[in-house]
Amino acid sequence: MQRREFSKAAVAVAALGGLGVASAGRPIKTIPGGTTTPPPTTTISGVPMGTNLSGMEWAKPGLRYGMSTAPNLNFTVPRAQDVAYLAANGYAKNRLPIQWELLQPMLPDTYANAAATAVIGSPGAFHAGYESYITGVLDAHAAAGTKCIIDNHNYCRYQDFKYQADGSVIGLTVPSDPLIRPYTTDNTQVRKRIFALAAGATLTRAHFTDFWTRVAAKWGSHPGFGGYGLMNEPHDMPQPGGIVAWNEDAVKTAEDLTIWPAFAQAAINAIRTIDAANPIYVAGNLWDSAMFVGTKNPGFPLMGSNLIYEVHMYLDAYSNGAAFDYDTEVAKSYSAGFGVGSITESTGADRIKIATDWAASNGVKLALTETGMPIDDLRWQAMFSRAVSYARAAGCEIYSWMGGNHWPIRNYAINHVPGWHQNRTLEPSVSGPMKASAGIAKAVLFDDGPGYALAGTPLTITVYARGNLAAPVSIGVSSNNGGTLSKTVLTIPAGANGQDTFTYVPDANRIATLTYTSDGQLSGQVPPPRKIYSLNDPVAYAATSLPGAAMAILAKYNAAKWDLTDGYTDYLQGAPAAAGEPVRAISDSGFGSSAGNALEMINWINKANGGMGTMSVPVMRVTNGKKNSDHAVYNTWGFWCKKSLKMPGIQPNPRNRVPYNLEDAHFAIAAVSVPGQYNTGVLFQASQAEARFTSELNFTNSCPGAKWVDASGQTVQLASSTKLPVNVPSVVSFTCAPGSQKLRVNSALVAGASASFSASAFNQMLIGWGYLSYYPRDGFRGNIYAVISGKGAPTAEELGVLEKYLAATAGVAI
């Protein structure tokens with residue numbers, strides 16, 4: 001199954017250009033403080049389930065011939081907080097995809113000279129840093145009372161240097177950063193090894209058994225270790241007698257399906273000489289397809305104790321996990337495993353049934369180690385729920401694709417990555433059906449909807465659960481200032497991710513507060529009170545209440561607000577950040593979010609030990625009683641809101657979107673201070689992570705500026721000629737509309753332009769730094785009190801109100 005290949009490969013290969021490395025242009029398969037520690041979950045009963053903690057296996061495209069091997073940038077190690085959160089929600093076991101080449105950078109029989117071994121490593125030896133990352137993840141599982149499978153995510157391949165007869169590598173280069181792996185400047189000096197049984201095989205059973213023997217010796221007795229994932233998704237093996245991949249052979253006769261079972265049996269035998277007990281997960285040919293485990297793997301079942309056969313299954317027509325539009329998939333009139341005929345609600349269950357029937361008839365155990373649920377259509381949820389319920393009833397372990405915390409994963413169409421909304425962890429929607437299948441009743445309620453309408457105009461509000469409810473929940477809703485509610489009692493149905501909606505019609509010229517109550521199983525966990533504004537003239541209302549007027553304008557434009565008053569220590573079970581504590585999460589306290597599209601601002605980087613890079617997390621400060629995030633330390637990575645892009649035929653209308661693109665009218669406002677006279681870098685950015693176009697607020701030598709670059713390369717840069725005073729909060733803002741760009745400082749217009757930009761789609765927003773062409777851009781190294789951004793063209797008077805309001809959040813008046 002070729003899911004994730006296109007998205008992740010495109011991300012990673014394109015990244016090579018941004019990192020100054022060479023790309024071979026070949027297809028690659030892959031995609032894609034304050035924390036409360038939960039109690040141990042060793043009492044979780046039944047068949048285990050969890051997620052794939054994806055992140056450590058993402059560095060392959062640039063490996064050996066590029067510098068794309070930096071932790072937290074090109075790959076990311078799951079945090080202990082990720083594991084603790086999963087454990088608290090009933091996930092007793094997870095799968096950790098790793099990259100063989102990163103753990104064992106030189107195969108055991110390699111002839112390498114002293115210069116090569118000095119920088120690459122000794123033949124067969126594990127890389128100390130990468131080994132420590134794996135140990136840390138296992139430690140986190142042990143602390144949480146859960147287990148972790150080590151999954152060799154290499155597809156029966158190994159990307160290696162070409163060593164010369166004297167043991168050297170042509171063009172071998174050692175980066176100045178010790179965390180980036182050595183590489184060659186000559187991409188012809190890299191080769192792809194593949195499992196084969198024929199004479200001359202470049203990747204042999206001896207290589208494979210050496211690897212797993214070392215893994216068993218190192219981690220087999222670790223209390224967090226949960227099993228050996230021998231090899232992820234064997235596919236396109238050599239033809240009989242061949243030593244190159246089937247799809248690289250000019251003859252193209254049938255691949256030799258006996259290769260993988262022979263390698264698997266050898267690894268099983270080797271592991272069992274050291275570890276007689278821990279489970280061994282055995283994948284199958286044809287991308288580990290659930291539909292072919294019993295027919296395309298000669299010799300299955302294999303010999304050995306405690307073997308678990310792992311299969312993969314996705315819901316789209318080709319079951320590759322790379323297509324997310326339900327109607328498009330139905331229209332293909334094809335279903336993998338069955339041939340002609342459209343997918344239906346039962347397709348996922350029908351596919352997994354082929355595997356469970358085979359397992360039952362052979363008396364073996366089964367694990368669905370990759371599956372997923374696209375997030376933008378409830379029909380996928382119905383299909384997924386049916387599939388995982390069937391699998392669990394058949395005794396099958398279930399592991400969703402994909403968890404972890406690597407940056408491209410966030411808001412990918414298939415993910416198991418928690419977010420942050422309304423100052424609480426936002427559980428990923430895939431978790432609801434999985435919990436329901438296991439009978440885990442735990443959920444949190446949120447609400448979303450517009451906040452501005454003139455009298456008589458109905459507003460629709462959605463209250464929704466993330467997780468699973470054992471029984472329906474009744475939620476009361478009331479208004480403190482008139483208006484008409486379509487209902488005063490909402491019912492969130494039992495089951496996964498239930499929701500209910502209501503309408504509210506405001507009275508004239510009011511600010512009403514809608515309040516939720518519940519005496520049921522979610523008492524105390526209802527959404528926070530919601531303000532509705534029907535002010536006829538919000539600007540005039542500023543004379544009565546500046547905050548009320550500003551929030552009314554934000555609601556009018558559905559704009560987001562990230563206020564450091566809402567800064568939390570973590571997006572996973574975090575707490576309000578106190579002075580000196582790290583800040584990793586800020587909720588949108590404006591009106592930019594909607595159901596299925598929380599505009600979170602988070603920092604995900606792993607700083608658990610010294611081997612993760614020099615980047616830093618922002619720190620909370622309290623200045624004159626006002627909270628602000630301190631980004632002064634060099635290489636501080638700020639906050640990130642990562643979203644999705646439209647992809648015709650794949651994901652044509654994702655809900656999780658940045659609210660505007662470059663060509664749209666939009667605006668941004670920030671309350672900040674600079675600690676010196678030479679602060680230079682990005683303050684706020686809306687952009688596309690994989691491209692160079694951007695819309696941003698920035699600084700050059702402490703002078704505020706704004707910059708726009710569209711997809712055609714057209715660039716507009718506005719700048720103030722005056723530096724901000726040191727450590728004095730100020731408000732900087734821009735507006736951008738077709739034919740008009742303006743930069744303002746403390747409500748005064750300082751520069752303008754009159755450009756119109758080409759279509760340039762955004763999929764991210766960042767605070768305190770930037771990110772373009774797969775690479776971080778330096779932040780301005782100052783202090784941030786609050787940021788506002790939204791779509792539309794506020795009037796100068798409306799902007800003035802918003803600017804005065806943000807100044808007040810920083811304790812100053814403008």
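Biologist: Why is C148 called buried?

Modeller: This is a predicted model, and in it C148 has a relative accessible area of 0%. Buried means under 20%, so C148 earns the word.

Biologist: And what makes C703 buried?

Modeller: Its relative accessible area is 14%. That is again under the 20% cut-off, so C703 counts as buried.

Biologist: How do you know that C148 is in no disulfide?

Modeller: A search of the whole structure turns up 0 disulfides. For C148, the nearest cysteine sulfur belongs to C396 and sits 18 Å away, while a disulfide needs the two sulfur atoms within 2.5 Å.

Biologist: Let's move to helix α11. What agrees with its being 16 residues of helix?

Modeller: Its length. At 1.5 Å a residue, residues 378-393 should span 22 Å, and the end C-alpha atoms are indeed 22 Å apart.

Biologist: Which residues of α11 are buried?

Modeller: W380, Q381, M383, F384, A387, V388, A391 and R392. They cover an arc of only 165° around the axis, which puts them on the same side of α11. On the other side, L378 and A393 are exposed.

Biologist: Why would residues a few places apart point the same way?

Modeller: An α-helix has 3.6 residues a turn, so residues three or four places apart point the same way.

Biologist: What comes after α11?

Modeller: G395 follows, with a positive phi near 80°.

Biologist: Which residues have the most contacts inside the largest nonpolar core?

Modeller: That core has 93 residues, and those with the most contacts inside it are I134, F195, F208, W212, L230 and W260. Leaving aside neighbours within four places in sequence, F195 is in contact with residues including W100, C156, F208 and W260.

Definitions and conventions:
Residues are numbered from 1 along each chain as its sequence is written. This is a predicted model: local features need pLDDT of at least 70, side-chain atom pairs count only at pLDDT 80 or more; totals for chains, interfaces and linings use all residues. Side-chain values use heavy atoms; hydrogens and water are left out. Helices (H or I, at least four residues) and strands (E, at least two) are DSSP runs, numbered from the N terminus. The expected span of a helix is 1.5 Å times one less than its number of residues. Buried means under 20% relative accessible area, exposed over 50%, partly exposed in between (1.4 Å probe, protein chains only). The arc is that of the directions from the helix axis to the C-beta atoms. A nonpolar core is a set of buried Ala, Val, Leu, Ile, Met, Phe, Trp, Tyr and Cys residues joined through side-chain atoms within 4.5 Å. Contact means heavy atoms within 4.5 Å.
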